[in-house]
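I opened my notebook for this one and kept the entries short. The order is simply the order in which I looked things up.

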Amino acid sequence: MLTGRLSAHGATERVPALLDQVAREETPEAWEELWDRLCLHGETVSPASFTALPRLASLAPASAQALELASAIVRGTMQHRDGEALLAGCPDAIAQLRELVDRQLRTSPADYNRIFGDLLALEGQYHWSAALGDFTDDFYTVSCPRCGAEVTIAIGDYGNYSAIRDWDLGDIERRALLPTPAEELRDLGHWMHATAVRDEQHRLAEGIRHVFGRAECPTCASVFSIADAYTSANLPSAPAAS
Ligand SMILES: [Zn+2]
């Protein structure tokens, strides 16, 4: 652990020089080194990562690499105990990145869902950023708010259902999900759905209607909001160590 901390400290000393370097000339080696030092394995962030955000944001209009790295750092905000406070220190960079990512989404890029996740993180929706898949075969585990049963939610090609997951029998006691009609979506669900529809991402839009819809608990038959149950189980501040 100690060596890890020392090397992490030493690792960030070169960041300003590396940023100068990619500003002059982008090389794969320099970007690779920046990723290693600012967002190792795409998730490990440090105070130096947030310090680099304004510079990355200024490079981002002309550099897809800078935009991707900056977005990955923002996604990693909850990985660092001071992440939110550090992020709050650079609102201009966040606003700039949000606009660039939104503009990128309007072009319907091939990796739309990843970039949509970047936008969610830039909006402060970290757990949705981490949770949303591509709705080809997504599974969520939530607790029934009434009886506490562990309920598996499936959204995708295998079907849209709530079920009890049995290790031997698979998903049993399936109940069809109750997606929310688009015009009844509110707040975050409304915004996410409208963004996906705007960009003609129909599978994503349908998935969002289901995630922000309701499910029936196979155990007690109560009907509950999937998003609320998921959020209460995954709110970043809720289960922190005490
Ligand atoms: Zn229940």
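**Strand pairing.** I started with β3, residues 161–166, in this predicted model. I found that β3 pairs with β4 in the antiparallel sense, over five bridges. I looked up the connection next: three residues form the hairpin from β3 to β4. For the register, I noted that Ile164 stands opposite Ile172 of β4. I kept one rule in mind here: side chains in a regular strand alternate between the two faces of the sheet.

**Thr180.** I then moved past β4, which spans 170–176, into the loop that leads to α11 (187–198). Thr180 sits in that loop. Is Thr180 buried or exposed? I read 14% relative accessibility, and Thr180 counts as buried because the cut-off is under 20%. Which backbone oxygen lies 2.7 Å from a polar atom of the Thr180 side chain? I traced that oxygen to Phe212. I also listed the contacts of Thr180, leaving aside neighbours within four places in sequence. They are Leu185, Arg209, Phe212 and Gly213.

**Helix α12.** Arg209 took me to α12, residues 202–211. I counted this helix as mostly covered, with seven of its 10 residues buried. Arg209 is one of the buried residues, along with Leu204, Ala205, Gly207, Ile208, His210 and Val211. What covers them? I wrote down α9 (112–122), α10 (126–131), β1 (137–143) and β2 (150–156). I added α11 and α13 (226–234), which are also included in the cover. A reminder to myself: an α-helix has 3.6 residues a turn, so residues three or four places apart point the same way.

**Zinc site.** I turned to the metal last. Which protein atoms are the donors of the zinc ion? I found the SG atoms of Cys144, Cys147, Cys217 and Cys220, lying 2.3 Å from the zinc ion. The angles among the four donor atoms run from 106 to 114 degrees, and the site is tetrahedral. Along the chain I read the spacing as C-x2-C-x69-C-x2-C. I placed Cys144 in the loop between β1 and β2, and Cys220 in the loop between β5 (214–216) and β6 (223–225), so this pair ties together parts 76 residues apart in sequence.

I checked the accessibility of that pair too. Cys144 has 3% relative accessibility and counts as buried. Cys220 has 21% and counts as partly exposed.

Conventions. Residues numbered from 1 in each chain as written. Predicted model: local features only at pLDDT ≥ 70, side-chain atom pairs only at ≥ 80, totals over all residues. Heavy atoms only, no water. Helix = DSSP H or I, 4+ residues; strand = E, 2+ residues; numbered from the N terminus. Buried < 20%, exposed > 50% of the residue type's maximum accessible area, 1.4 Å probe, protein only. Polar contact = N/O pair within 3.5 Å; in protein donor to acceptor, adjacent residues only side chain to side chain. Contact = heavy atoms within 4.5 Å. Pairing = 2+ DSSP bridges. Donors = N, O, S within 2.8 Å, 3.2 Å for Na, K, Ca; no water. Tetrahedral: all angles 85-135°; square planar, octahedral: opposite > 155°, others 65-115°.
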